[in-house]
2 protein chains.
Amino acid sequence: MSALFRLLAVDGVARRGRLETAHGPVETPVFMPVGTQGTVKSLTPDDVREAGAELVLANTYHLMLRPGHELVRELGGLHRFMGWDRAVLTDSGGFQVFSLSKIRTLREDGVTFRSPVDGAAHFLSPERSIEVQVKLGADIIHVLDECLAHPVTHAETERSMEMTLRWAQRSKAAHVTTTDGRQKLFGIVQGGAYEDLRIRSARETVAVGFDGYAVGGMAVGEPKPVMYDLTARVTELLPRDQPRYLMGIGKPEDLVEGVARGIDMFDCVLPTRNARNGQCFTADGPLVLKQARYTRDPAPIEEGCPCYGCRRFSRAYLRHLFMARELLAYRLMTLHNLHFFMGLMGAMREAIAAARFEAFKARFFRRYAVSSEPVSLDDDGGP
Amino acid sequence: MSALFRLLAVDGVARRGRLETAHGPVETPVFMPVGTQGTVKSLTPDDVREAGAELVLANTYHLMLRPGHELVRELGGLHRFMGWDRAVLTDSGGFQVFSLSKIRTLREDGVTFRSPVDGAAHFLSPERSIEVQVKLGADIIHVLDECLAHPVTHAETERSMEMTLRWAQRSKAAHVTTTDGRQKLFGIVQGGAYEDLRIRSARETVAVGFDGYAVGGMAVGEPKPVMYDLTARVTELLPRDQPRYLMGIGKPEDLVEGVARGIDMFDCVLPTRNARNGQCFTADGPLVLKQARYTRDPAPIEEGCPCYGCRRFSRAYLRHLFMARELLAYRLMTLHNLHFFMGLMGAMREAIAAARFEAFKARFFRRYAVSSEPVSLDDDGGP
């Protein structure tokens with residue numbers, strides 16, 4: 001079993017590295033587009049590749065419910081099923097079970113829940129999650145964790161974090177017996193908004209030993225400064241030679257702040273979901289296309305952007321498509337947003353390699369107008 | 001003013017020709033994808049071009065209401081606005097006014113109606129329709145006609161047909177004063193299901209004199225054999241050296257039957273709208289992808305089809321996307337259907353050029369399983 005990660009350069013706490021997966025290299029820091037149901041919404045695999053993505057996230061929860069992991073395996077696994085020959089990461093299904101499903105029972109053993117697709121009862125345990133993820137066949141998979149709704153007390157968070165640690169051990173044991181080492185397994189650091197619990201969770205998860213470490217539960221609830229501080233506190237406890245993944249984060253400013261705190265991997269529905277709501281990301285900040293001022297604007301969404309939409313169409317035309325609820329609007333704006341996110345990650349990688357990350361960060365924040373809208377769920381299951 | 005049409009070959013009544021437009025040649029018989037709101041739903045102009053389209057239809061009614069013809073003109077005209085450098089045809093807006101809007105008054109002068117977008121009152125007259133179409137800038141435009149809901153009496157059809165003839169004269173007069181000859185104007189033959197009225201309408205519309213002739217009102221109401229017979233009756237009265245366009249038709253079998261009766265041009269929402277409803281066209285007939293038998297089917301929609309979806313994905317995957325309401329399903333199935341329609345037209349053009357059209361037609365009907373579902377509206381304004 002070869003190592004997943006190579007650390008190529010460090011600039012302060014920021015890291016430039018590379019994941020070596022069974023489906024090719026992934027340059028880090030990396031942003032993963034979210035392909036919840038085995039598709040990055042509205043885009044073909046070629047579109048996603050053209051935007052520069054090397055790794056996409058798919059949601060185990062959604063895929064096990066529809067079309068089912070057995071079917072995906074029968075059709076050659078997730079890569080072949082969705083026509084994507086680069087790397088894929090799956091989460092454990094935990095987050096969605098706890099946020100989207102009606103839970104019937106949560107016990108040490110696992111969780112029983114109802115499928116929102118057809119109402120059928122399903123059981124998810126650490127072993128079952130690994131089994132499903134092995135059948136889906138992603139390059140990077142995750143331990144099952146319990147995800148709490150915020151706010152939540154210290155005692156409850158501690159109980160949950162301790163169970164997640166026991167689940168991590170069971171996940172690891174299940175993983176060892178079922179894979180050939182091509183699928184890498186990540187542990188997940190929990191602990192909510194409590195620094196002492198985050199520290200314990202980080203130390204004990206590392207003690208179990210994984211190919212990489214995700215930081216969970218940061219996308220919900222905590223105010224930004226708390227999230228940034230906790231992230232920094234956690235990453236300093238994680239092994240230097242392994243990748244760190246901040247789950248479900250985030251906005252462009254969060255990506256920059258996360259990299260500044262030693263994070264290597266991110267995913268978020270923001271570029272895809274917000275595109276479908278008419279929000280386009282630019283170096284100056286988000287642009288809300290339905291605003292009347294773009295009605296007759298012949299300029300592209302962002303001057304100099306290499307995406308198809310910016311090369312070919314005016315803001316006026318894209319706004320028309322969006323106002324008329326035309327499907328092409330969602331596609332072109334999604335593609336643009338992915339280009340923007342990929343471009344931002346590429347710029348950060350270059351800055352770290354050149355030991356200029358602090359200057360890059362300062363320049364980014366001088367120009368980028370931060371928006372205050374909240375971001376929720378870490379899947380992309382919405383319309 | 002050069003001639004729009006060149007007749008290249010005749011095989012029985014079927015015709016092989018070419019439209020020479022200001023935006024390039026269009027080989028006929030031709031099928032026009034419908035781009036109601038200035039976009040062939042879910043596709044980029046490059047997708048539409050790759051499918052083989054040389055001419056697309058856009059709806060004057062929808063575009064005058066949103067984003068407005070003045071805005072389109074300000075942004076360089078319809079071709080530039082929608083990023084399509086091949087030929088465009090617009091209808092007059094009449095069909096949609098009579099089928100989609102709440103009409104306030106219909107008089108000899110014109111028709112006043114309410115916009116479903118914002119409730120505003122609009123007026124459409126022969127002169128106004130020409131003005132709007134000139135501003136949109138399509139290569140082929142149409143006279144305003146009154147479109148009746150079926151069934152309708154002989155007397156009422158006659159009254160309407162006669163007004164449409166007077167409107168045709170006014171449209172032609174308006175067209176002469178407003179264009180440089182690059183925009184070609186088509187007259188429209190009406191007359192409902194009544195052969196005597198169709199004959200009068202054809203003769204008198206030809207007497208007014210246009211660059212081509214559309215046959216309107218066939219998409220609604222008449223049983224198929226009546227429609228086919230009336231179409232044959234009309235085309236034999238139309239000038240041999242000018243193009244004939246059967247509006248809003250149709251299904252693959254209608255295209256073959258229409259070509260067999262001397263039609264050169266077709267448009268229909270079928271390939272685009274039905275794709276969004278999960279129906280894919282193949283040489284064996286329509287395939288309804290949501291059927292359970294495709295759940296684990298590793299085959300493409302149609303073996304040998306050159307479209308992106310058939311080259312890259314299984315029926316099982318496309319079905320999954322469709323069942324999960326993923327936008328990519330609509331796009332890939334639309335693209336497939338357009339490829340099928342374009343392929344069918346190309347095969348008919350070859351057969352006519354080789355004087356084998358009857359054999360082609362017989363072979364088509366031996367294999368193609370005709371579906372009995374009706375087709376309605378000739379725009380593609382639905383979701």
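**Reading a two-chain predicted model**

Trainee: How are chain A and chain B related in space?

Mentor: Chain B falls on chain A with an RMSD of 0.0 Å, after a turn of 180 degrees and a shift of 0.0 Å along the axis. The two copies are thus related as by a two-fold rotation axis. The superposition is by least squares, on C-alpha atoms of residues with pLDDT of at least 70 in both copies. This is a predicted model: local features need pLDDT of at least 70, side-chain atom pairs count only at pLDDT 80 or more, and totals for chains, interfaces and linings use all residues. Residues are numbered from 1 along each chain as its sequence is written, while chains are lettered from A and ligands numbered from 1 in the order in which they are written.

Trainee: Which residue of chain B comes closest to the rotation axis?

Mentor: Leu327(B), whose C-alpha is 3.7 Å from the axis.

Trainee: How many residues of chain B are in contact with chain A?

Mentor: Start with the term: two residues are in contact if their C-beta atoms, placed from the backbone, lie within 7 Å. Here 32 residues of chain B contact 32 residues of chain A. Helices H3 (69-74), H4 (78-82), H12 (308-312), H13 (315-323) and H14 (327-353) of chain B each give two or more residues to this side. H13(B) has the largest share, five residues. Helices here are DSSP runs of H or I with at least four residues, strands are runs of E with at least two, and both are numbered from the N terminus.

Trainee: What is the make-up of that side by class?

Mentor: The side of chain B that touches chain A has 17 nonpolar, eight polar and seven charged residues. Nonpolar means Ala, Val, Leu, Ile, Met, Phe, Trp, Tyr, Cys and Pro; charged means Asp, Glu, Lys and Arg; the others, Gly among them, are polar. The copies meet through the same surface, because 100% of the interface residues of chain B are also interface residues in chain A.

Trainee: Is H13(A) largely enclosed or open, and why?

Mentor: A residue is buried if 20 or more other C-beta atoms, placed from the backbone, lie within 10 Å of its own; exposed if 12 or fewer; partly exposed in between. Eight of the nine residues of H13(A) are buried, so this helix is largely enclosed by the rest of the structure. Among them are Tyr317(A), Leu318(A) and Phe322(A). The buried residues of H13(A) pack against H12 and H14 of chain A, together with H3 and H4 of chain B.

Trainee: How far does H14(A) reach?

Mentor: The expected span is 1.5 Å times one less than the number of residues. H14(A) has 27 residues and reaches 39 Å from first C-alpha to last, close to the 39 Å expected. Of its 27 residues, 22 are buried.

Trainee: Which residues touch the most other members of the largest nonpolar core?

Mentor: In soluble globular proteins, nonpolar side chains tend to be buried together. A nonpolar core is a set of buried Ala, Val, Leu, Ile, Met, Phe, Trp, Tyr and Cys residues joined through C-beta atoms within 7 Å. The largest one has 216 residues, and Met32, Val56 and Leu318 of both chains touch the most other members. Leaving aside neighbours within four places in sequence, Met32(B) has contacts including Leu55(B), Leu89(B) and Phe266(B).

Trainee: In what sense do S8(A) and S9(A) pair?

Mentor: Strands pair if DSSP finds at least two bridges between them. S8 (111-114) and S9 (121-124) of chain A pair in the antiparallel sense over four bridges. Val111(A) has Leu124(A) as its bridge partner. The two strands form a hairpin with six residues between them, and Gly119(A) in the turn has a positive phi of about 80 degrees.

Trainee: Where are the unusual backbone angles?

Mentor: Most residues other than glycine have a negative phi, and most peptide bonds are trans. Ala355(A) has a positive phi near 55 degrees. Ala355(A) sits in the loop between H14 and H15 (357-367) of chain A. Arg325(B) also has a positive phi, about 55 degrees, and lies in the loop between H13 and H14 of chain B. Arg325(B) is exposed, with 10 other C-beta atoms within 10 Å.

Trainee: Which residues does the cis peptide bond with omega near 5 degrees join at Pro29(A)?

Mentor: That bond runs from Thr28(A) to Pro29(A). Pro29(A) is in the loop between S3 (24-28) and S4 (30-32) of chain A. Another cis bond joins Arg66(A) and Pro67(A), with omega about 5 degrees.
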